[in-house]
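Let's take a friendly walk through this protein, going from single residues to the whole fold and then to the empty space inside. Keep the structure open as you read.

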Amino acid sequence: MPVGRSVRVAVVGGGVIGLCVAHYLERGGAEVILIERARVGGGCSDGNGGWVCPSISRPLPAPGLTLTSLRWLLRSDSPLYIRPAAILDLAGWLWAFRGYCNAESYAAGVAALAALNATTDSLYRGLAEEGVEFERAEAGTILAYDNEAERDQACALLAKLGEERVGRVDLLDSRALREAEPGLRGDLIGLHVRGDTHVRPESLCAGLAASLEARGVRILAGVEVVGFAREGRRVRMALTAGPATEGAASGRQPREPIEADLFVVATGAEAGALLGMLGCALPLQAGKGYSITVRDARARLRQPVHVAPARIGFTPFRGALRIIGTMEFSGINRHLDRRRVALLERAARRYVPGALDGGERVDWVGMRPVLPDGLPAIGRLPDMDNVHVATGHQMLGVTLAPSTGWALAQLVLEGRSDIDLTPFDPARFA
């Protein structure tokens, strides 16, 4: 498909992935329309930690995890939790996940994500230089541990990635860690990964949306894609619905169909149902994450901190502190489980006293899209000539969003990409 304004692309999904895809498509010369069922940037992109961390970009399935060891995951107070009522529905997905818990798959996944991350820093700098306004800081990240073995293992993995990928890594004993981050408590040791950055995800989504609209991209918020009209291997239009008008008999009413030459589905964990309408069974599950954001928190941190013993993170923003963590598998739903919030509260009180003390507080839950191998799906759908997908980024959506958008825009408009997208091909699950 030649590049040009005659090429019309409909991007379904207004989170950070969809926004970045739309950004680079428009920059590539396409006419873009963005469709979001609710509020742009209001899904999983809204309350996450905002870490841009190639250093910890790894697949979720790890060597040594077996079905026997999954039993502790049924405890609601564990960092990784599987809701018992959802086990039957998740059984097939968990079995597939287990199949990737080996050293060979893990190493291949780390390498694939490292390659996708090779352009992350330059692309984020490029967004700022292009005039996209968002909060960003280059303070690095503290990775804190309670034992040398785990810290040294992480340090060895970072060494394999290389300083050109993750920046300089400083080894911190307990005294050096207290000096680097006085607000952190506990007898911990750590690593300071200087190449990591962080952004405030709400500001990134708002900045991308404002930039797109300023360049003439049509954004339809509150419009849901409910089906497709297709001709053979091609989608001709997306069928949509929106809020009911006054006096309507039902909750949502049909809207005008959206015609386009090409379509990109970037609706996160909910992409599975939409892709199923096109005959693509992408095995997506929601790995729900939680956060607490406290405005003007009494505690002060200099950079994001990940506390490995508690599997919890802290991100300092301008005028706010965000506490992030937990992974919950309970199906596709937005239910906020107060037990998971309490887990964050206990860890926050232990490791960063004063983190919960301040002004307005917002508790949040979001559905991270997770595939069994822990890698995203980026590419053209099998058996469809003009439909592409970008989803499955698990906890790495903000980190991988610009490189995903840039690579997919190349693939959509030019039929090729400078980044090898073979490990992320959606057809690997066909």
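## Two residues with positive phi

R311 has a relative accessibility of 42%, so it counts as partly exposed, falling between the 20% limit for buried and the 50% limit for exposed. This is a predicted model, so please read every value here in that light. You will find R311 in the loop that runs between β17 (305–307) and β18 (312–317). Its backbone is worth a look: phi of R311 is near 55 degrees, a positive value in a residue other than glycine. As background, most residues other than glycine have a negative phi.

Where does D383 lie? Its place is the loop between β21 (377–380) and β22. Phi of D383 is also positive, near 70 degrees, and again the residue is not glycine. With a relative accessible area of 55%, D383 is exposed, because exposed means over 50%.

## Four buried residues

Next come four residues for which burial and surroundings can be described. Here they are side by side.

| Residue | Place | Relative accessible area |
|---|---|---|
| V9 | strand β1 (residues 8–12) | 0% |
| H393 | loop between β22 (387–391) and α11 (397–414) | 2% |
| C280 | loop between α9 (271–276) and β16 (285–295) | 9% |
| A347 | helix α10 (residues 338–351) | 11% |

Let's start with V9, in strand β1. V9 is buried, since its relative accessible area is 0% and the limit is under 20%. Leaving aside residues up to four places away in sequence, V9 touches L25, A30, E31, V32, I33, A260, L262 and V264. As for the other end of the numbering, S417 is 408 residues from V9 along the chain, and the C-alpha atoms of the two are separated by 17 Å.

H393 sits in a loop, between β22 and α11, and is nevertheless counted as buried at 2% relative accessibility. Which residues does H393 touch, not counting residues up to four places away in sequence? They are I17, P369, P376, I378, L400 and T404.

C280 is another loop residue, placed between α9 and β16. At a relative accessible area of 9%, C280 is buried. Its contacts, with residues up to four places away in sequence left out, are L275 and L381. C280 and G42 are 238 residues apart in sequence, with 26 Å between their C-alpha atoms.

A347 belongs to helix α10 and counts as buried at 11% relative accessibility. Beyond residues up to four places away in sequence, A347 touches A310, I312, F314 and V352. G313 is 34 residues from A347 along the chain, and their C-alpha atoms are separated by 9.5 Å.

## The whole fold

Stepping back, the protein contains 11 helices and 22 strands. Buried residues make up 56% of its 430 residues. How many Å does the C-alpha trace span along its principal axes? The answer is about 65 × 50 × 50 Å. The radius of gyration is 21 Å, which agrees with the value near 22 Å that a compact globule of 430 residues would have.

Contacts between residues at least 6 apart in sequence tell you about the reach of the chain: 74% of these join residues at least 24 apart. On the outside, the protein exposes about 18000 Å², of which carbon and sulfur atoms supply 51%.

## Empty space inside

Rolling a probe the size of a water molecule over the atoms shows where empty space is left. Here the count comes to three cavities of 30 Å³ or more. The largest cavity holds about 50 Å³ of space.

Which residues line the largest cavity? The lining is made of P54, S57, V110, L113, A114, N117, L161, R165 and V166. Two elements, α3 (103–116) and α6 (163–166), give two or more residues to this lining. The largest share comes from α3, with three residues. By class, the lining has six nonpolar, two polar and one charged residues.

Notes. Residues numbered from 1 in each chain as written. Predicted model: local features only at pLDDT ≥ 70, side-chain atom pairs only at ≥ 80, totals over all residues. Heavy atoms only, no water. 1 Å grid on protein atoms, 1.4 Å probe; cavity = no way out; pocket = protein on both sides within 12 Å on 5 of 7 lines; lining within 4 Å. Points joined across faces, edges and corners; volume = space filled by probe spheres on them. Helix = DSSP H or I, 4+ residues; strand = E, 2+ residues; numbered from the N terminus. Nonpolar A, V, L, I, M, F, W, Y, C, P; charged D, E, K, R; others polar. Rg over C-alpha atoms; globule rule 2.2 N^0.38 Å. Buried < 20%, exposed > 50% of the residue type's maximum accessible area, 1.4 Å probe, protein only. Contact = heavy atoms within 4.5 Å. Areas by Shrake-Rupley, 256 points an atom, 1.4 Å probe, with all protein chains shown as cover.
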